[in-house]
Amino acid sequence: MRRVATLRLASFLLLVATTAFAEEPDWIRPSALKPGDTIAFVAPASPADWAPVRAYAEKLRAAGYQVRVPDDLADRELGYLAGSDDERADELNAAIRDEEVRAIFPVRGGYGLTRILDRIDYAALRKSPKLLIGYSDITALHLGVASQTRLVTFHSPMPMSNLWQEEDPAHAFSARWFRRAVFADEQPEEDSGYTIELPDECRPVRVVGGKARGRLLGGNLTLICSTLGTPYALQPEGAILLIEDVDEAPYRIDRDLSQLRLAGVLDKVAGAVIGTFTEDDQADVEEYDRIVREYFGSLTVPVVMHYPIGHTRWNATLPHGGLIELDADEVAVRVVGR
């Protein structure tokens, strides 16, 4: 009987260990892109503007990459969506399941990804990790992938974000840090990490001082809130929270931050990197800043705001789910190496 009990205990412990691993597998980071790799352009959200997409595809091809662009990309439009839910989900899953594809570049954000989050083949993505990029509505994809596969993705510009047009200083800044994050020829063999170097035009502000290290999670505030209470929600424990948005009235930003506070998100994070909430209307900046300080100023973790990320011409690429070090005293973000 003692031997049977011992065997049962061992089986139970094995089950617990197996279950724990199944719930929280190790984070994985996709390989950086090398010439010859295949990049699939997809449109899982809103319709694409063909001219910038084609321009960036040609730039990548000239650099030696294989770029697949759907034949109907320029014509696919269903209101504010780039096709039906079936079309967009099938296109994304086809790229995920194709073992030749090393990276998936959504051409733009907009609207629609929350409609297909439950149709994505996360198991195939975990089995064959791809490099995924984007911001705005693509936040939903970042959050879904993080919660379901623990794959590091990249909060970054997209093909419609003027990545091919580097004469403009802001676009050159965005392209530089995009290349540093995703292309192998921009990464040293022994990559110990790097600090995002900001130009004088970008002036982040310290809200709460201090230093923290954690996995960067979040993105567009509207999408963070839209996925709360779902299987694809932000997992805030010990994370560095990333927040940005655009074209939302101050009261809506206030309401969304209230939702994060009431959901306990702000009590669990290790720090916060906050972008901007408006591009043009400078009259509202003080109002947005006041709201941010009301929600984050009393926290005991480091917080910075006005960081160049997301809906801004100065859009730095950061690893979603990747480790970063936030130094709010120096108002600096360091990406930890691979």
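This report describes a sheet, a helix that lies across part of it, and the largest pocket in a predicted model.

## The open sheet

Six strands form an open sheet, and their pairing is mixed. Read from one side to the other, the order of the strands is β2-β1-β3-β4-β5-β12. The two edges are held by β2, residues 66-68, and β12, residues 318-320. Each of these edge strands pairs on one side only. When direction is ignored, neighbouring strands of the sheet are turned against each other by 25 degrees on average.

## Strands β3 and β4

Within this order, β3 stands next to β4. Strand β3 covers residues 101-106 and strand β4 covers residues 131-134; the two pair in the parallel sense, over two bridges. Ala 103 has Leu 131, in β4, as its bridge partner.

## Helix α6 across the sheet

Helix α6 is made up of residues 169-182. The helix lies across three strands, namely β3, β4 and β5, the last of which spans residues 153-155. Relative to β4, helix α6 runs at about 160 degrees.

## The largest pocket

The largest pocket holds about 780 Å³ of space. Its lining consists of 31 residues, and those closest to the centre are Gly 110, Tyr 135, Ser 136, Val 246 and His 311.

Two elements, α6 and α7 (221-227), give two or more residues to this lining. Helix α6 therefore appears again here, having been described above as lying across β3, β4 and β5. The greatest contribution comes from α7, with three residues. Sorted by class, the lining contains 16 polar, eight nonpolar and seven charged residues.

How values were computed: Residues are numbered from 1 along each chain as its sequence is written. This is a predicted model: local features need pLDDT of at least 70, side-chain atom pairs count only at pLDDT 80 or more; totals for chains, interfaces and linings use all residues. Side-chain values use heavy atoms; hydrogens and water are left out. Two strands pair if DSSP finds at least two bridges between them. Helices (H or I, at least four residues) and strands (E, at least two) are DSSP runs, numbered from the N terminus. Axes are lines fitted to C-alpha atoms, for helices over the stretch in contact, and angles run from 0 to 180 degrees between N-to-C directions. Contact means heavy atoms within 4.5 Å. On a 1 Å grid over the protein atoms alone, a cavity is a set of points where a 1.4 Å probe fits but cannot get out, and a pocket is an open set with protein on both sides within 12 Å along at least five of seven lines; lining residues have an atom within 4 Å of a point. Grid points are joined across faces, edges and corners, and a volume is the space filled by probe spheres set on the points. Ala, Val, Leu, Ile, Met, Phe, Trp, Tyr, Cys and Pro count as nonpolar, Asp, Glu, Lys and Arg as charged, and the others, Gly among them, as polar.
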